[in-house]
Amino acid sequence: MKNIRDVLTEIEKVLIAVQTNYPELYRTLDENPITIPAKNHPDVGKEAMLEYLESLKQLLKHHLETHKKGIS
């Protein structure tokens, strides 16, 4: 089982890859509603970070699937 430090490291790696390889996608991350907490004091523990990591991976996967159509 991953600890919080491993999860944060993986989040960082995904964000760096997106920023480096897909800047058009990286610009949209600030507007992603999943990153805006709906609570005054949101839980930012391990479970929340795992959910955020999964959302980043899904966003990247969707981006790759929808943009590979133009690749020959």
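A salt bridge here is a side-chain nitrogen of Lys or Arg within 4 Å of a carboxyl oxygen of Asp or Glu. By that rule, the count in this predicted model comes to two salt bridges. Both turn out to involve glutamate 10, which pairs with lysine 2 and with lysine 57. Before getting to those pairs, a quick look at the overall layout helps.

The protein chain has three helices and zero strands, so the pattern read along the sequence is simply α-α-α. Of its 72 residues, 19% are buried. As for how the chain meets itself, take the contacts between residues at least 6 apart in sequence: 78% of these join residues at least 24 apart.

One such long-range meeting is between two of the helices. Packed helix pairs are described by the angle between their axes and the distance between the axes. For helix H1 (residues 4-21) and helix H3 (residues 46-67), the angle is about 25° and the axes lie 10 Å apart. Angles under 35 degrees count as roughly parallel, and H1 and H3 are therefore roughly parallel to each other. The crossing of H1 past H3 is left-handed. On the H1 side, the contact is made by Ile4, Val7, Leu8, Glu10, Ile11, Val14, Leu15 and Val18. H3 answers with Lys46, Met49, Leu50, Tyr52, Leu53, Leu56, Lys57 and Leu60. Sorted by character, the residues of this contact come out as 13 nonpolar and three charged, with no polar ones. Glu10 of H1 and Lys46 and Lys57 of H3 are the charged ones.

Two of those charged residues bring the story back to the salt bridges. The side chains of lysine 57 and glutamate 10 meet at 2.6 Å, N to O. Lysine 57 sits in helix H3 and glutamate 10 in helix H1, so this pair ties together parts that are 47 residues apart in sequence. Lysine 57 itself is partly exposed, its relative accessible area being 32%. In the other salt bridge, glutamate 10 goes with lysine 2, and here the closest N and O atoms are 2.3 Å apart. Lysine 2 is partly exposed as well, with a relative accessible area of 36%. Put the two pairs together and Lys2, Glu10 and Lys57 are joined into one network through shared partners.

Next to lysine 2 in the numbering comes asparagine 3, in the segment before H1. With a relative accessible area of 41%, asparagine 3 is partly exposed. Its C-alpha atom is separated by 7.5 Å from that of lysine 46, although the two residues are 43 apart along the chain. Lysine 46 has already turned up on the H3 side of the helix contact.

Further along H3 there is histidine 63. Is this residue buried or exposed? The relative accessible area of histidine 63 is 8%, and buried means under 20%, so histidine 63 counts as buried. Leaving aside neighbours within four places in sequence, histidine 63 is in contact with Tyr22, Glu24 and Leu25.

Definitions and conventions: Residues are numbered from 1 along each chain as its sequence is written. This is a predicted model: local features need pLDDT of at least 70, side-chain atom pairs count only at pLDDT 80 or more; totals for chains, interfaces and linings use all residues. Side-chain values use heavy atoms; hydrogens and water are left out. Axes are lines fitted to C-alpha atoms, for helices over the stretch in contact, and angles run from 0 to 180 degrees between N-to-C directions. Helices (H or I, at least four residues) and strands (E, at least two) are DSSP runs, numbered from the N terminus. Angles under 35 degrees count as roughly parallel, over 145 as roughly antiparallel, 65 to 115 as roughly perpendicular and the rest as oblique. A crossing is left-handed if the near helix is turned anticlockwise from the far one by less than a right angle, and right-handed if clockwise. Contact means heavy atoms within 4.5 Å. Buried means under 20% relative accessible area, exposed over 50%, partly exposed in between (1.4 Å probe, protein chains only).
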